[in-house]
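You asked for a quick read-through before you dig into this one yourself. Here are some notes to keep beside the viewer.

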Amino acid sequence: MHDPLRRLSQAALAACADAELIAAFADEARSALGIDAVELLAPAGAPPAAAHVAATARPLALDEPLDVADLGPELAATLNARSALLVPVAWGGDVRHVAVLVRRSAHVWSPDETLLAETLANQAALGLARLESERRRVA
């Protein structure tokens, strides 16, 4: 569990672009949580489950196939989701993205998995905030 956090922390410090850091987040989430797919959604226009996470700034586990429908039919089908964990990626007091972590098999997300997903999302948020700050400073 420590290696993915360490690698993502290093990426948060070293990344030169948002896409680079988002790819590192996806890789480390796959490694740490054994997930099959990762998608980062903007809160605007997000499907119901992601909109809920954006509004509450709290994670949401979709453990049942009926719950996964709250991802929206297109996203659920694209990701082939059977279960999903949604976590906020927030900084500056705002949820900037919602990370959708997907398993293609039935899965009940444990509190430890949820905490780890939140920690990974927070590491990514720190790096994205750094990149945003650097862009502002240069502009």
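1. Let's start in a loop. Ala57 sits in the stretch between helix 3 and strand 2, which covers 60–62. Its phi is near 55 degrees, a positive value in a residue other than glycine. Is Ala57 buried, exposed or partly exposed? With a relative accessible area of 43%, Ala57 is partly exposed. Do keep in mind that this is a predicted model.

2. Asn80 is worth a look next. You'll find Asn80 in the loop between helix 5 (73–79) and strand 3. Its phi is positive too, at about 55 degrees, although Asn80 is not a glycine. The relative accessibility of Asn80 is 46%, so this residue counts as partly exposed.

3. On to Pro48, which belongs to helix 3, residues 48–56. Pro48 counts as exposed because its relative accessibility is 55%, and the cut-off for exposed is over 50%. Try finding Val68 from there: 20 residues separate Pro48 and Val68 in sequence, and their C-alpha atoms are 10 Å apart in space.

4. Now the sheet. In what order do the four strands sit? The order is 1-4-3-2, in an open sheet with antiparallel pairing. Strand 1 and strand 2 are the edges, each pairing on one side only. From one strand to the next, the twist averages 20 degrees. As general background, the strands of a sheet pair through backbone hydrogen bonds, either parallel or antiparallel.

5. Strand 4 deserves a closer look. Strand 1 (residues 37–41) is joined to strand 4 by five bridges, and the two run antiparallel. Within that pairing, Val38 has Leu101 as its bridge partner in strand 4, while Ala37 stands opposite Val102. Strand 3 and strand 4 also run antiparallel, with nine bridges joining them. Here Ala84 is the residue opposite Val102. As for cover, seven of the ten residues in strand 4 are buried, so by the under 20% cut-off the strand is mostly covered.

6. Strand 3 and strand 4 make a hairpin, with two residues between them. Gly92 is in that turn, and its phi is positive, about 65 degrees. Look for helix 6 here as well: it lies across strand 3 and strand 4, and runs at about 35 degrees to strand 3.

7. Then come the helix pairs. Helix 1 and helix 2 pack at an angle of about 175 degrees, their axes 9 Å apart. That angle is why helix 1 counts as roughly antiparallel to helix 2. On the helix 1 side, the contact involves Pro4, Arg7, Leu8, Ala11 and Ala12; on the helix 2 side, Leu21, Ala24, Phe25, Glu28, Ser31 and Ala32. The residues of this contact split into eight nonpolar, one polar and two charged.

8. Helix 2 also packs against helix 6. Their axes come within 10 Å and cross at roughly 170 degrees, which means helix 2 is roughly antiparallel to helix 6. Among the helix 2 residues in this contact are Leu21, Phe25 and Leu33, and helix 6 brings residues including Leu116, Leu120, Leu128 and Arg135. The residues in the contact of helix 2 with helix 6 comprise 13 nonpolar, one polar and four charged.

9. Finally, the interior. Which residues of the largest nonpolar core touch the most other members? They are Leu21, Phe25, Leu101 and Leu120, in a core of 28 residues. Helix 1 (2–14), helix 2 (18–33), strand 3 (83–91), strand 4 (94–103) and helix 6 (111–138) each supply at least two of its residues. Helix 6 gives the most, with eight. Apart from this core there is another, of 19 residues, among them Ala37, Leu62, Val68 and Leu75. More generally, nonpolar side chains in soluble globular proteins tend to be buried together.

10. If you pick one residue to click on, make it Leu101. Leaving aside residues up to four places away in sequence, Leu101 touches Phe25, Ala29, Leu33, Ile35, Ala37, Val38, Ser83, Ala84, Leu85, Trp109 and Ala117. Several names from the earlier points turn up there, including Val38, its bridge partner, and Phe25, which also meets helix 6.

Definitions and conventions
Residues numbered from 1 in each chain as written. Predicted model: local features only at pLDDT ≥ 70, side-chain atom pairs only at ≥ 80, totals over all residues. Heavy atoms only, no water. Core = buried A, V, L, I, M, F, W, Y, C linked by side-chain atoms within 4.5 Å. Buried < 20%, exposed > 50% of the residue type's maximum accessible area, 1.4 Å probe, protein only. Contact = heavy atoms within 4.5 Å. Pairing = 2+ DSSP bridges. Axes fitted to C-alpha atoms, helices over the stretch in contact; angles between N-to-C directions. Parallel < 35°, antiparallel > 145°, perpendicular 65-115°, else oblique. Nonpolar A, V, L, I, M, F, W, Y, C, P; charged D, E, K, R; others polar.
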